[in-house]
Amino acid sequence: MASSSKLISGKEVAHHNSRDSCWIIVHGKVYDVTEFLDGGSKIILKYAGKDATQEYDPIHPPDAITTNLPVEKHLGAVEPNTVEKVEVVITDQEKARQERISLRPPLDEILNLHDFEAIARLVMSEKAWAYYSSAADDEITNRENHAAYHRIWFRPRVLRDVTKVDWSTKILGHHSTMPVYITATALGKLGHADGELNLTKAAAKHGVIQMIPTLASCSFDEIVDASQPGQVQFFQLYVNKDRNITKRIVQHAEKRGIKGLFITVDAPQLGRREKDMRMKFEAEDPAEVSKAGSDGVDRSQGAARAISSFIDPGLKWADIAWFKSITNMPLILKGVQCWEDALEAYDQNLAGVILVEVVEKLGEKRGLKFPNEKFQLFVDGGVRRATDVIKAVALGATAVGIGRPFLYAFSAYGPRDEFEMNLRLIGAPTIKDIVPEMVDASNIKSHIVAVPGDRLYESNYEGMAHARLREVKNKL
């Protein structure tokens, strides 16, 4: 049946509720998704013959089904008032969550990024919080990313005129009101119905750069379309096993005006995010998984692994030349973890890397000084204060990526006042006046050092949980 102007009754759709013929309704349109059942998707079958919109929206870009499903599978519009909708049961737990939402403090009482996180933890759904807050294995690296900043101490300069301070900078040659960009984070709609569009609007309002994630809940074009004229956006790329798909994505991004391609290189396989894994993953196969021809996601491993099954574990240094052949965008490697790889990236004439701890070696091996316009360093992870950003800049970073806190806040509100205060206190009128001598980083490599406790961070951190009995029964 081809798409036509004839309305399809909900009763007819309801007949197609099996593996042999599976139709679903999304936003008032009927689609034949039978071919997507080859991998045995129980989630699709759950909505067979019904309206799947509510389950579809949080995980999919709005154009995912129309883009990935052949046009002959677009069957047409459903007749209003004839649709069998999936019954949504509001649990006592959800009622309690809605009550907590109504008790949120006004925005002017939110004084820092820790506050956003504390409130988010209370008002987000358990599954959304588990995905946003989780990290790999025992989450030691996740905590260390933040703790490392406490081992760096300021050495402020005094008697400098800091009447006027300017924390604006340039990132890959593009103006930013601060040395901060919104880094890529997946599945924005888990936290808010507008998903990543919140960040696009906030970035435009506050003059910072947004990095669009491959695994956004909103479609790439929807995010770009929401940007303001002249607004700068970067794109984070998970490399697909099908390089034709990767090529199409990259070239489309360049055509739409993306100013930098950040290629994720530290995720040939995502780690075990156990908080997330305990929640399983009940949403439909993401668009990128379908594009890769996957046999369906492994739902026992949580959202993070479920949505990343298309990523190519075979990505290697030899592929850099291929990327250069398909795009003129600056190429930055996201996830470099040692100076040797940073050095290789420099030698291959890439535009920069997202990393930590390489400035000293790059200076020693190649005579580089940072910040460096031709090869830029970025730090991504653990930042909660403007002081963290200033410390990274002092050690050579061009800018710092902030991800989770923006998910928690869905706003660029927060760090601006902190920048003004801290630049004055360390004696740096501009970002260029922040130099390595303004920090003592001698303990940065010592992972066990006595530092003052970070009470706000520690109170927000939710510890790992053991497996539990299904039900505690009286032994008698």
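## Exercises around Gln236 and its barrel

In this predicted model, Gln236 touches Ala184, Met211, Ile212, Pro213, Thr214, Phe262, Thr264 and Lys334, leaving aside residues up to four places away in sequence. Let's work outwards from this residue.

**Exercise 1.** Find the strand that holds Gln236, and decide whether the residue is buried or exposed.

*Solution.* Start with the strand: Gln236 lies in strand 10, which spans residues 233-237. Next, take the relative accessibility, which is 3% for Gln236. The cut-off for buried is under 20%, so Gln236 counts as buried.

**Exercise 2.** How far apart are Gln236 and Thr183 in sequence and in space?

*Solution.* Along the chain, 53 residues separate the two. In space, their C-alpha atoms are 8.4 Å apart.

**Exercise 3.** Work out the order in which the strands close into a barrel, then check the pairing of strand 8 with strand 15.

*Solution.* Eight strands form the barrel, in the order 8-9-10-11-12-13-14-15, with parallel pairing. On average, neighbouring strands of this sheet are turned by 25° against each other, direction ignored. Now look at strand 8 (residues 180-182) and strand 15 (residues 399-402): they pair in the parallel sense over three bridges. To find the pairing by eye, place Tyr181 opposite Gly401 in strand 15.

**Exercise 4.** Which helices lie across strand 10?

*Solution.* Begin with helix 9 (residues 197-206): this helix lies across strands 8, 9 and 10, and runs at about 155° to strand 9. Then turn to helix 11 (residues 243-255), which lies across strand 10 and strand 11 (261-264). Helix 11 runs at about 175° to strand 10.

Definitions and conventions. Residues numbered from 1 in each chain as written. Predicted model: local features only at pLDDT ≥ 70, side-chain atom pairs only at ≥ 80, totals over all residues. Heavy atoms only, no water. Pairing = 2+ DSSP bridges. Helix = DSSP H or I, 4+ residues; strand = E, 2+ residues; numbered from the N terminus. Axes fitted to C-alpha atoms, helices over the stretch in contact; angles between N-to-C directions. Contact = heavy atoms within 4.5 Å. Buried < 20%, exposed > 50% of the residue type's maximum accessible area, 1.4 Å probe, protein only.
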